[in-house]
Amino acid sequence: MTTRPPEDHGLRLTAKVFSDIERRDYDQPEFRQAVHEVLESLEPALERHGEYVDGRVLERLCEPERQIIFRVPWTDDSGDVHVNRGFRVEFNSALGPYKGGLRFHPSVDLGIVKFLGFEQIFKNALTGLPIGGGKGGSDFDPKGRSDSEVMRFCQSFMTELHRHIGEYTDVPAGDIGVGRREIGYLFGQYKRITNRYESGVLTGKGLNWGGSQVRTEATGYGTVYFVGEMLRERGEGFDGRRVVVSGSGNVAVYAAQKAAELGGTVVAMSDSAGYIVDDSGIDLDLVRDIKETRAGRISEYADRLGRAKHVDGGSIWDVPCDIALPCATQNELDRRSAETLVGNGVTAVGEGANMPTTPAAVKVFSDAGVAFGPGKAANAGGVATSGLEMQQNASRDSWHFDYTDRRLSEIMADIHTMCRETAETYGAPGNYVLGANIAGFVKVADTMRELGVI
């Protein structure tokens with residue numbers, strides 16, 4: 001029989017766990033931020049359920065099962081040798097094989113990968129699919145590199161990584177800097193080394209060789225589906241609403257597309273150098289041409305379309321809107337920006353990126369009654385569709401776009417319901433952050449207890 005712990009037990013336990021993480025991982029601010037946000041939300045669950053205190057489930061959950069760091073040597077087109085660092089953090093496999101993307105970007109280090117992997121545990125649990133959490137990548141920057149250089153890097157990266165992954169062990173996917181081209185080079189090298197055609201070992205593949213319809217669109221579409229569910233709870237929708245989307249990469253473009261399809265007017269998008277404003281609605285075909293076809297800067301949009309304006313630097317969140325979709329990078333939306341959005345009448349915010357909103361900004365939205373969809377729920381569409389790709393690979397099947405899109409929409413609706421009902425159960429109706437964190441935690445923690453101390 002489980003004895004109900006004292007009312008402050010959850011608070012004392014989470015404080016101790018976080019203190020240990022601060023001591024051991026003092027040089028990993030993003031990881032500490034992600035853990036702190038989750039631990040704060042878990043206090044009500046720990047106070048109500050003493051079984052989660054037994055067996056140090058929380059401590060085990062916050063420590064990766066495996067952290068792999070390796071050297072990646074490669075040669076450029078001039079024959080010069082470069083050495084990058086590769087990472088794979090296999091965080092938690094209680095629910096299934098580790099699942100999470102690979103990020104190629106100069107900012108990648110162990111702390112970034114751990115933060116992303118930790119978030120992935122809960123995100124994957126919320127999808128309802130049998131997948132655990134992991135993440136990986138390298139500080140390699142593919143920008144400005146030729147296809148041959150990217151291929152040689154990917155082959156060197158996979159030469160080491162292949163020994164740690166498999167369709168029943170760890171299934172990487174793409175992330176920032178890793179698209180269909182990189183996945184192709186990685187899979188080609190895996191097949192070459194192993195002499196096995198294991199389609200399920202990577203997701204985000206080309207449609208001709210095991211990829212899933214909607215995978216490219218999934219994270220952006222899923223974010224909008226989740227925000228649409230939050231709005232529906234309030235008797236609202238996208239129709240006639242001004243929408244601001246940060247970023248202009250894959251997630252941002254498809255979030256903007258789906259928001260427009262649902263009746264919203266996307267009035268602003270951005271890149272690292274600034275943002276554009278087009279009050280009549282962003283021309284997404286032009287954005288794709290600039291960013292995807294010619295790898296240009298978003299400023300070219302205003303140069304080619306006189307009705308729009310470009311703002312160097314600054315904050316895209318200064319643009320008045322009803323719905324904000326941060327889809328660029330972590331901690332891009334701070335307290336001041338949140339206050340500006342609230343002052344301009346924003347009613348809903350959905351995180352398309354991983355942890356793009358600082359804790360102080362989340363509090364501003366919460367205090368103002370803004371519907372806020374945290375990334376581990378709102379941007380789970382990408383990994384959900386990766387899970388669907390794994391199902392197709394396992395059955396040697398291929399699904400149509402509309403069917404896969406419908407499955408994605410259903411999964412996002414289920415995630416919303418789970419988060420909403422969990423928040424209500426724990427006395428915080430409308431708090432999707434608490435709902436997402438507790439719902440994901442309970443599913444993983446219950447399974448960890450059933451599997452024993454491993």
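Let's start with the second largest pocket: 34 residues line it, and V362, F372, N431, V433 and L434 are the ones nearest its centre. Keep in mind that this is a predicted model. Helix 2 is a good thread to follow, since it gives the most residues to that lining, seven of them, and its axis also comes within 7 Å of the axis of helix 4.

**The second largest pocket**
- Its volume comes out at about 750 Å³.
- Sorted by class, the lining has 14 nonpolar residues, ten polar ones and ten charged ones.
- Elements giving two or more residues to the lining are helix 2, helix 7 (218-233), helix 12 (359-368), strand 12 (371-373), helix 13 (375-378) and helix 16 (432-451).

**Helix 2 against helix 4**
- The axes of helix 2 (residues 29-48) and helix 4 (residues 110-126) cross at roughly 25 degrees.
- Angles under 35 degrees count as roughly parallel, so helix 2 and helix 4 are roughly parallel to each other.
- On the helix 2 side, the contact uses E30, F31, A34, V35, E37 and V38; helix 4 meets them with G111, I112, K114, F115, F118, E119 and F122.
- That contact has eight nonpolar residues, four charged and one polar.

**The hairpin of strands 1 and 2**
- Strand 1 (residues 66-75) pairs with strand 2 (residues 81-92) in the antiparallel sense, over ten bridges.
- If you want a register check, W74 has H82 in strand 2 as its bridge partner.
- Five residues sit between the two strands of this hairpin, and G79 takes a positive phi near 90 degrees.

Technical notes. Residues are numbered from 1 along each chain as its sequence is written. This is a predicted model: local features need pLDDT of at least 70, side-chain atom pairs count only at pLDDT 80 or more; totals for chains, interfaces and linings use all residues. Side-chain values use heavy atoms; hydrogens and water are left out. Axes are lines fitted to C-alpha atoms, for helices over the stretch in contact, and angles run from 0 to 180 degrees between N-to-C directions. Helices (H or I, at least four residues) and strands (E, at least two) are DSSP runs, numbered from the N terminus. Angles under 35 degrees count as roughly parallel, over 145 as roughly antiparallel, 65 to 115 as roughly perpendicular and the rest as oblique. Contact means heavy atoms within 4.5 Å. Ala, Val, Leu, Ile, Met, Phe, Trp, Tyr, Cys and Pro count as nonpolar, Asp, Glu, Lys and Arg as charged, and the others, Gly among them, as polar. Two strands pair if DSSP finds at least two bridges between them. On a 1 Å grid over the protein atoms alone, a cavity is a set of points where a 1.4 Å probe fits but cannot get out, and a pocket is an open set with protein on both sides within 12 Å along at least five of seven lines; lining residues have an atom within 4 Å of a point. Grid points are joined across faces, edges and corners, and a volume is the space filled by probe spheres set on the points.
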